[in-house]
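Student: Can you walk me through a protein model? I am new to this.

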Amino acid sequence: MRLGVSTLFCIGERFSRVIEFLNLVDVEHLEVVDEWPHEFNDYRVNLIRRVVEERGLSLSIHAPFADVNIASISPIMRNSALRRLKRSMKFSARLNPTVWVFHSGVRSPISGMLSNIDWKLNLNSIRELLHEAKKYDLKIAIENFPESSAFLVRGVEDFEKLYEDLDLDGSSLGIAFDVGHANIGGYIDEFMEKFGDRIVHVHIHDNDGKMDSHLGIGSGSINWIRVVDSLKKMNYRSVLVIESIRDVEESIKRVKKLIQH
């Protein structure tokens with residue numbers, strides 16, 4: 001397994017902070033969040049390409065997520081979300097990332113009165129994104145969330161239904177397994193057991209099992225030795241992306257020791 005870091009921790013700072021940080025740490029992978037104020041443009045894409053090439057890093061992209069709902073029951077809002085994501089895909093393809101990570105749609109407050117139409121819209125949008133990804137030969141993966149969240153695709157049951165409903169269309173859809181989110185839902189072990197063959201990317205951050213606080217590794221309730229051992233047993237060979245928003249440097253040191261354990 002390789003160790004990476006997400007730019008989520010510095011999303012509120014100038015983009016050059018990413019470059020400065022990489023000079024201070026020893027990682028093999030960078031995940032860039034394509035989100036305002038770091039939204040992709042020609043300048044940033046060229047800068048990212050230069051940085052990863054100079055440092056010999058592999059790269060993943062986290063799709064935009066703020067105010068993005070691919071299951072919105074409003075056609076205007078839903079189409080706007082899809083246009084934003086397709087724009088991200090187009091820029092991302094120029095960087096040849098290992099994976100492009102996105103979120104499912106969010107449940108509407110009135111979906112129960114509309115025959116759960118948001119689940120159907122979510123499926124249609126995912127199919128549309130998969131079709132778009134093929135144009136760029138881009139691997140895409142959907143992220144899990146706590147069961148208590150408003151996202152339509154959260155834990156084990158949702159993912160089972162998602163792949164059943166997508167059928168063959170879902171064969172190329174990977175999973176970006178977020179350990180912190182699974183800890184809140186209490187389904188870390190079950191999820192890895194059920195979907196180990198579909199997990200292509202892993203996000204790691206800590207929490208107390210109640211709030212999605214993106215703490216530094218070791219600052220919450222997650223048994224990281226067990227998590228890393230389980231990933232090794234399922235022969236996971238890709239990247240562990242630290243998605244903590246504080247204590248990032250210390251988290252890198254701790255995860256390095258875990259991987260070598």
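Tutor: We will take one helix and then some loop residues.
This is a predicted model, where local features need pLDDT of at least 70, side-chain atom pairs count only at pLDDT 80 or more, and totals for chains, interfaces and linings use all residues. Residues are numbered from 1 along each chain as its sequence is written, and side-chain values use heavy atoms, with hydrogens and water left out.

Student: Ok, which residues of H9 are buried?

Tutor: Val248, Ser251, Ile252, Val255 and Leu258. Buried means under 20% relative accessible area, exposed over 50%, and partly exposed in between (1.4 Å probe, protein chains only). Helices (H or I, at least four residues) and strands (E, at least two) are DSSP runs, numbered from the N terminus.

Student: Why are those buried residues on the same side of H9?

Tutor: Because they cover an arc of only 125 degrees around the axis. The arc is that of the directions from the helix axis to the C-beta atoms. An α-helix has 3.6 residues a turn, so residues three or four places apart point the same way.

Student: And what is exposed on the other side of H9?

Tutor: Lys253, Lys257 and Gln260.

Student: New topic. Where is the cis peptide bond?

Tutor: It joins Trp36 and Pro37, with omega about 10 degrees. Pro37 sits in the loop between strand S2 (29-33) and helix H2 (42-55).

Student: What about Asp67, buried or exposed?

Tutor: Exposed, with a relative accessible area of 83%. Asp67 has a positive phi, near 60 degrees, and is not glycine. Its loop runs between strand S3 (58-62) and helix H3 (75-93).
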